[in-house]
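Please find below my notes on this model, set out as numbered points. They take up the domains, one helix and the surroundings of the ligands in turn.

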Amino acid sequence: MSAPRTLYDKIFDDHIVSRQEDGTCLLYIDRHLVHEVTSPQAFEGLRMAGRKVRAPEKTLAVVDHNVPTSPDRHEGIKNEESRIQVEALATNAAEFGVEYYSEKDVRQGIVHIVGPEQGFTLPGMTIVCGDSHTSTHGAFGALAHGIGTSEVEHVLATQTLIQKKAKNMLVRVDGQLPEGVTAKDIILAIIGEIGTAGGTGHVIEFAGEAIRSLSMEGRMTICNMTIEGGARAGLIAPDEKTFEYIKGKPRAPKGQALDMAIEYWKTLYTEEGAHFDRVVVLDAANLPPIVSWGSSPEDVVSIEGVVPNPDAIEDETKRTSKWRALDYMGLKPDTKITDIAIDRVFIGSCTNGRIEDLRAVAAVVEGKQVASTVSAMIVPGSGLVKEQAEAEGLDKIFKAAGFDWREPGCSMCLAMNDDRLKPGERCASTSNRNFEGRQGFKGRTHLVSPAMAAAAAIAGHFVDIRTFN
Ligand SMILES: CC(C)[C@H](C(=O)O)[C@@H](O)C(=O)O
Ligand code: SF4
């Protein structure tokens with residue numbers, strides 16, 4: 001009898017086209033998502049070599065990073081660099097016969113929100129995109145990861161990718177989340193625990209009661225940030241919730257094909273006794289709402305805590321780097337997190353730009369006002385999220401509270417469009433990266449959950465959502 005296999009082992013094995021002695025494999029790729037930032041040279045490479053896209057029907061292109069989120073964007077993109085990149089994708093998609101969602105299409109949005117929404121992302125698949133947060137799709141039990149531009153070209157041309165098998169890591173989150181604590185807090189806590197290099201060389205499978213209890217959207221938040229923990233990909237075994245979510249999505253299988261697919265999807269789980277190279281266990285019941293204080297996603301602390309003192313760190317390089325982070329963030333050790341005032345709030349991104357995130361925000365801000373010292377924006381992750389939010393009247397709640405309600409895109413998750421922080425501005429953000437300059441030159445980012453960002457917008461400083469009303 002063969003050794004018990006993990007979910008990762010199964011998906012990897014199922015996609016091997018050929019395997020060399022040293023373990024290098026050629027993997028078949030089921031789905032390829034394409035955005036405007038990492039695809040221009042790849043298409044250019046194909047053009048130069050006179051090659052076609054091998055499987056256009058398995059490829060989907062959408063613009064997200066460079067699109068403005070202002071209501072007048074339909075009149076044309078003013079920023080020249082952005083316009084050139086967006087136009088290049090439109091031209092490439094048309095020339096190579098790839099389906100493309102432009103900024104005028106209601107299906108347009110952040111690539112990692114669009115894939116699941118369209119039923120393009122399905123369990124058991126290998127999914128790639130020239131973007132690190134492709135790990136998001138692992139929430140469906142798909143092996144999904146980011147690739148570089150030369151690999152984008154390789155996948156476009158051959159529908160395969162050269163890969164070596166990673167190690168297996170299990171992160172088990174037991175118990176039930178307390179009220180006010182969310183998927184975002186779970187993943188921030190995990191990264192705080194393992195560090196940004198903690199998952200290096202591994203594919204992480206998330207399991208345990210707390211993960212099972214999450215909605216598909218919460219699971220996407222978890223897998224989205226797996227990459228910030230250094231892992232190659234994140235995975236969650238598909239279950240009834242997964243199948244329910246997929247049913248009826250435009251590109252998902254239907255009728256008998258769906259029944260057959262579900263039969264297969266049910267085989268996608270880690271077998272009893274399968275080997276994990278590393279196991280980390282957390283208890284959800286102990287988790288507080290989390291706020292990041294530094295310039296790395298591992299720099300996290302409880303909302304009840306204080307800014308840590310780097311002097312307590314033994315390793316000199318690390319100590320120096322954390323002092324630098326504090327300096328960049330304009331913070332002093334021992335400052336209570338709830339005493340940190342903010343200037344801006346950004347709610348959106350592929351981490352937290354879905355409908356449930358917006359509902360969570362609406363629940364916090366309904367009937368309240370954004371603090372006079374704060375400028376706050378909400379950017380739906382896709383045109384369909386926006387449509388749904390408006391159908392539920394959430395936009396009215398947001399606008400009445402003083403939020404800016406925008407068009408879909410990556411927006412202020414990274415400063416590649418017009419949405420950015422000014423130097424020195426401090427932002428409560430639902431995105432995934434707090435690197436120096438990430439949201440604008442000298443901008444200061446604090447990563448939080450949507451509910452925590454919403455509460456901070458109202459209060460003007462961080463507050464504990466568990467006692468906020
Ligand atoms: C622009 C793109 C290549 C980049 C990524 O790979 O993740 C971006 O999406 C990000 O979040 O930093
Ligand atoms: S929303 Fe942010 S993290 Fe996600 S793809 Fe866009 S830039 Fe990258």
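1. In this predicted model, the centres of domain 1 and domain 2, taken over C-alpha atoms, are separated by 24 Å. Domain 1 comprises 7–164 + 239–262 and domain 2 comprises 167–238 + 270–286, while domain 3 covers 291–459.

2. To the contact between domain 1 and domain 2, domain 1 gives 22 residues and domain 2 gives 20 residues. On the side of domain 1 that touches domain 2, the elements that provide two or more residues are helix H1 (7–14), helix H4 (111–118), strand S7 (143–146) and helix H9 (240–246). Sorted by class, this side of domain 1 holds ten nonpolar, ten polar and two charged residues.

3. Does the length of helix H3 agree with, or depart from, the span expected at 1.5 Å a residue? The helix runs over residues 80–96, and its 17 residues should span 24 Å, a value that agrees with the 24 Å between its end C-alpha atoms. After H3 comes Gly97, whose phi is positive, near 70 degrees.

4. Which residues of H3 are buried? They are Gln85, Val86, Leu89, Asn92 and Ala93, and because they cover an arc of only 125 degrees around the axis, they lie on the same side of H3. The general background is that an α-helix has 3.6 residues a turn, so residues three or four places apart point the same way. On the other side of H3, Glu80, Ala94 and Glu95 are exposed.

5. As for the partners of this helix, the buried residues of H3 pack against helix H2 (40–49), and they also pack against strand S4 (59–62) and strand S5 (99–101).

6. The shell around ligand 1 consists of Val37, Thr38, His65, Asp131, Ser132, His133, Gly146 and Leu414. By class, this shell of ligand 1 has two nonpolar residues, five polar residues and one charged residue.

7. Ligand 2 is surrounded by 13 residues, of which the closest are Ser349, Cys350, Cys410, Cys413 and Leu414. Leu414 is thus named among the residues around ligand 1 and among the closest residues around ligand 2. The residues of the shell around ligand 2 divide by class into five nonpolar, six polar and two charged.

8. Which domains each supply at least three residues to the shell around ligand 2? Domain 1 (7–164 + 239–262) and domain 3 (291–459) each do so.

Technical notes. Residues numbered from 1 in each chain as written. Chains lettered and ligands numbered in written order. Predicted model: local features only at pLDDT ≥ 70, side-chain atom pairs only at ≥ 80, totals over all residues. Near = placed C-beta within 6 Å. Nonpolar A, V, L, I, M, F, W, Y, C, P; charged D, E, K, R; others polar. Domains from an automatic or database assignment. Contact = placed C-beta atoms within 7 Å. Helix = DSSP H or I, 4+ residues; strand = E, 2+ residues; numbered from the N terminus. Expected span 1.5 Å × (residues − 1). Buried ≥ 20, exposed ≤ 12 C-beta atoms within 10 Å, placed from the backbone. Arc of directions from axis to C-beta.
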